[in-house]
Amino acid sequence: MAKAVVKPDPRVEAYIANAAPFARPILVHLRKLVHTTCPEAEETIKWSFPAFMYHGILCGMAAFKEHCSFGFWHPLMRDIGDKRGMGNYGRITSIKDLPADGVLKKQIKTAMAHHASGIKPPKTTKPRQKLSTPADLVAALKKAPKALATFEAFSPTNKRDYIEWITEAKRPETRAKRLATSVEWLAAGRKRNWKYENC
């Protein structure tokens, strides 16, 4: 019996169509490669980006202003590729930045096998370093009572999400923007990742 053909997701079609001109050939190439290698993979949108489902999230791709990314979801696939950016292959600016099709197909098949088997690596827990609230966040919160009340009521994990987001900014202007956004979201009672809670 022939395998059922998985229908394309119109949201993925729209995502590719709306991507920057340089990104479209990359996304089309990756999409075709995934479906050729794993015909059962179903398309969807996860966290605003195209994803391919096969016993869970098999892999996903994304387009940004100047580069694309592609990555596998299974923990056993994390060490594959170039980790200098999001996904497994860092900043992809053309199809030439990707491994050869044969290599990618083997990796997709490996990821499929991991997902189908249900095997997961043992969890290792590392003690998390205690983070102190940075001075600029403290000062900003003092000027915004609602934001301060939300932050103080948050669990340590929710506080950490904001603190890490702010302190990981590499440029002063990025940090200032994240700080302002954090105060705005906290004043509205929102967690750092509130946009993704219903995905």
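A polar atom of the H115 side chain lies 3.1 Å from the backbone oxygen of I57, a polar contact (N or O atoms within 3.5 Å, one able to donate a hydrogen and the other to accept it; residues adjacent in sequence count only if both atoms are side-chain atoms). The model is predicted, so local features need pLDDT of at least 70 and side-chain atom pairs pLDDT 80 or more, while totals for chains, interfaces and linings use all residues. Residues are numbered from 1 along each chain as its sequence is written, and side-chain values use heavy atoms, without hydrogens and water.

**Around H115**
- H115 sits in helix α3; helices are DSSP runs of H or I with at least four residues, strands E runs of at least two, numbered from the N terminus.
- H115 counts as buried because its relative accessibility is 11% (buried is under 20%, exposed over 50%, partly exposed in between; 1.4 Å probe, protein chains only).
- Beyond four places in sequence, H115 is in contact (heavy atoms within 4.5 Å) with residues including Y54, H55 and L58.

**The cores**
- The largest nonpolar core (buried Ala, Val, Leu, Ile, Met, Phe, Trp, Tyr and Cys joined through side-chain atoms within 4.5 Å) has 30 residues, of which L27, L58, F70 and F72 touch the most other members.
- Helix α2 gives the most to this core, with 6 residues.
- A second, separate core of 15 residues includes A144, F151, F154 and Y162.

**Helix α5**
- A147, T150 and F151 are the buried residues of α5 (145–153).
- These buried residues pack against α4, α6 and α7.
- On the other side of α5, P145, E152 and A153 are exposed.
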